[in-house]
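I opened this entry to keep track of what I looked up, and in which order. My topics were ring pairs, a loop residue and helix packing.

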Amino acid sequence: MGLGAMVLVGRALQVVVIGLNLALLAVGYFDTVEFFGLIAVVGFGNGLANPSGHAGVMSVNPALAGSAAGLSGAMVLAFGGLFTAVSARLMEFGAPATALLLSMFVISLFGLWAGIAAYRMTTSSASAVKT
C-alpha cells in the first residue's frame with residue numbers, strides 16, 4: 001500500500017470513528033470507556049496517516065528534504081495550535097464533549113479532503129509519467 005493510500009485510510013478511519021462517537025453522543029449514550037476507546041482508534045488513524053504524509057512531503061525533492069521536514073513540522077505546530085485554541089473556545093459555549101467531537105470531526109473532514117486531493121495529484125502525475 002502506497003503512502004497516499006495509507007494517508008487516506010488513516011484519515012477515513014478518523015472521520016468514521018469520530019462520527020460514530022458523535023452518533024453515540026447524539027442518542028444519549030455517553031460512557032467514558034467507549035469515548036476514550038474510540039479516541040484511541042483515532043490515534044491509530046493518526047499513526048497511519050501522519051508518518052506517511054511526512055514521508056511523502058520529504059520524498060518530493062530529496063535535495064530539499066530538510067526544508068520540507070521543517071516546513072511540514074512548522075505547519076503541524078501552527079495548525080495544531082490554531083485548532084486547539086478554536087476548540088477550547090467552542091467548548092465554553094455548550095456541552096464540552098459535543099463541542100470537542102464536532103471540532104475534531106470538522107478538522108478530520110478537512111484532513112480527509114486534503115488527503116484525497118493529494119492522492120489524486122500523485123496518482124494523476126504518476127500516470128502522466130508512465131505515458
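**Aromatic pairs**

I began with the rings of this predicted model, and by the centre-to-centre rule of 6.5 Å my count came to three aromatic pairs. For Phe-30 and Phe-35 I noted ring centres 5.5 Å apart and planes at 55 degrees, so I entered the pair as tilted, since stacked would need planes under 30 degrees apart and edge-to-face would need over 60. I then looked up how far each partner is covered: Phe-30 is partly exposed at 45% relative accessibility, whereas Phe-35 has 7% and counts as buried, the cut-off for buried being under 20%.

I turned next to Phe-79 and Phe-83, whose ring centres lie 6.2 Å apart with planes at 20 degrees, and I therefore wrote this pair down as stacked. Both residues belong to helix α3, where they are four residues apart and thus separated by about one helical turn. Phe-79 has a relative accessible area of 44% and is partly exposed, and I put Phe-83 under the heading of partly exposed as well, with 29%.

Following the ring pairs from one residue to the next, I found that they link Phe-30, Phe-35 and Phe-36 into a cluster.

**The loop residue Asp-31**

I looked up Asp-31 and found it in the loop between α1 (3-26) and α2. Its relative accessibility is 29%, which makes Asp-31 partly exposed. I also checked how far Asp-31 is from Val-60, which is 29 residues away along the chain, and the C-alpha atoms of the two are separated by 44 Å.

**Packing of α2 and α3**

For the last entry I reminded myself that two packed helices are described by the angle between their axes and the distance between the axes. Helix α2 covers residues 32-59 and helix α3 residues 65-90, and I noted that their axes come within 8 Å and cross at roughly 140 degrees. That angle makes α2 oblique to α3, because the class of roughly antiparallel is kept for angles over 145 degrees. The crossing of α2 and α3 is right-handed.

Which residues make the contact between the two helices? From α2 I listed His-54, Val-57 and Met-58, and from α3 I listed Ala-65, Ala-68, Ala-69, Ser-72 and Val-76. Sorting the contact of α2 with α3 by class, I arrived at six nonpolar residues, two polar ones and no charged ones.

Terms used: Residues are numbered from 1 along each chain as its sequence is written. This is a predicted model: local features need pLDDT of at least 70, side-chain atom pairs count only at pLDDT 80 or more; totals for chains, interfaces and linings use all residues. Side-chain values use heavy atoms; hydrogens and water are left out. Axes are lines fitted to C-alpha atoms, for helices over the stretch in contact, and angles run from 0 to 180 degrees between N-to-C directions. Angles under 35 degrees count as roughly parallel, over 145 as roughly antiparallel, 65 to 115 as roughly perpendicular and the rest as oblique. A crossing is left-handed if the near helix is turned anticlockwise from the far one by less than a right angle, and right-handed if clockwise. Contact means heavy atoms within 4.5 Å. Ala, Val, Leu, Ile, Met, Phe, Trp, Tyr, Cys and Pro count as nonpolar, Asp, Glu, Lys and Arg as charged, and the others, Gly among them, as polar. Rings of Phe, Tyr and Trp (its six-membered ring) pair if their centres lie within 6.5 Å; planes under 30 degrees apart count as stacked, over 60 as edge-to-face and the rest as tilted. Buried means under 20% relative accessible area, exposed over 50%, partly exposed in between (1.4 Å probe, protein chains only).
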